[in-house]
Amino acid sequence: PQTVEGWQVWDLTQRLGGQLRIAPGAVIGWDMGAALSLAQALGITPLIAAELLPEIEAVMVRKLNEQMEGGRDG
């Protein structure tokens, strides 16, 4: 992150581990309602969170699913 807002959203993402939406065998994303509520509680501008979280979520989903797939091969 290159801005204060970016760091705030990055910190928020570190707190969302318990807010994963999971389908059988795959992570599908975060509970965005809970994520935005947490952002508001932390004083993060909702517009910034709404702009940045989906981009970070997409990378998180891809990486976690890759890790899960790798674990099945071994």
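**Figure 1. Ten residues around a pocket.** W10, T13, Q14, L16, G17, L20, W30, I56, M60 and L64 line the largest pocket of this predicted model. The space inside the pocket comes to about 170 Å³. Two helices stand out here: α1, covering residues 4-14, and α3, covering residues 46-73, each give at least two residues to the lining. What classes of residue make up this lining? Seven residues are nonpolar and three are polar, with no charged residues in the lining. If you wonder how empty space is found at all, rolling a probe the size of a water molecule over the atoms shows where it is left.

**Figure 2. The whole chain, for orientation.** Let's step back for a moment before the next close-ups. Three helices and two strands make up the elements of the chain. Starting at the N terminus, you can follow them in the order α-β-β-α-α. The C-alpha trace spans about 40 × 25 × 15 Å along its principal axes. The chain has 74 residues, and 23% of them count as buried. Take the contacts between residues at least 6 apart in sequence: 56% of these join residues at least 24 apart. On the outside, the chain exposes about 5,000 Å², with carbon and sulfur atoms supplying 56% of that area.

**Figure 3. N65 in helix α3.** This view follows one residue, N65, which sits in helix α3. Is N65 buried or exposed? N65 counts as buried because its relative accessibility is 17%, and the cut-off for buried is under 20%. Leaving aside residues up to four places away in sequence, N65 touches A26 and V27.

**Figure 4. Both ends of helix α2.** Look first at the start of helix α2, which runs over residues 32-41. There, a side-chain oxygen of D31 comes to within 3.1 Å of the backbone nitrogen of G33. Now move past the other end of the helix. G43 follows α2, and its phi is positive, near 80 degrees.

**Figure 5. G18 in a loop.** Where does G18 lie? You will find G18 in the loop that connects α1 with β1, the strand of residues 20-23. G18 is exposed, because its relative accessible area is 69% and exposed means over 50%. Try locating G29 as well: G18 and G29 are eleven residues apart in sequence, and their C-alpha atoms are 11 Å apart in space.

Note on methods:
Residues numbered from 1 in each chain as written. Predicted model: local features only at pLDDT ≥ 70, side-chain atom pairs only at ≥ 80, totals over all residues. Heavy atoms only, no water. 1 Å grid on protein atoms, 1.4 Å probe; cavity = no way out; pocket = protein on both sides within 12 Å on 5 of 7 lines; lining within 4 Å. Points joined across faces, edges and corners; volume = space filled by probe spheres on them. Helix = DSSP H or I, 4+ residues; strand = E, 2+ residues; numbered from the N terminus. Nonpolar A, V, L, I, M, F, W, Y, C, P; charged D, E, K, R; others polar. Buried < 20%, exposed > 50% of the residue type's maximum accessible area, 1.4 Å probe, protein only. Contact = heavy atoms within 4.5 Å. Polar contact = N/O pair within 3.5 Å; in protein donor to acceptor, adjacent residues only side chain to side chain. Areas by Shrake-Rupley, 256 points an atom, 1.4 Å probe, with all protein chains shown as cover.
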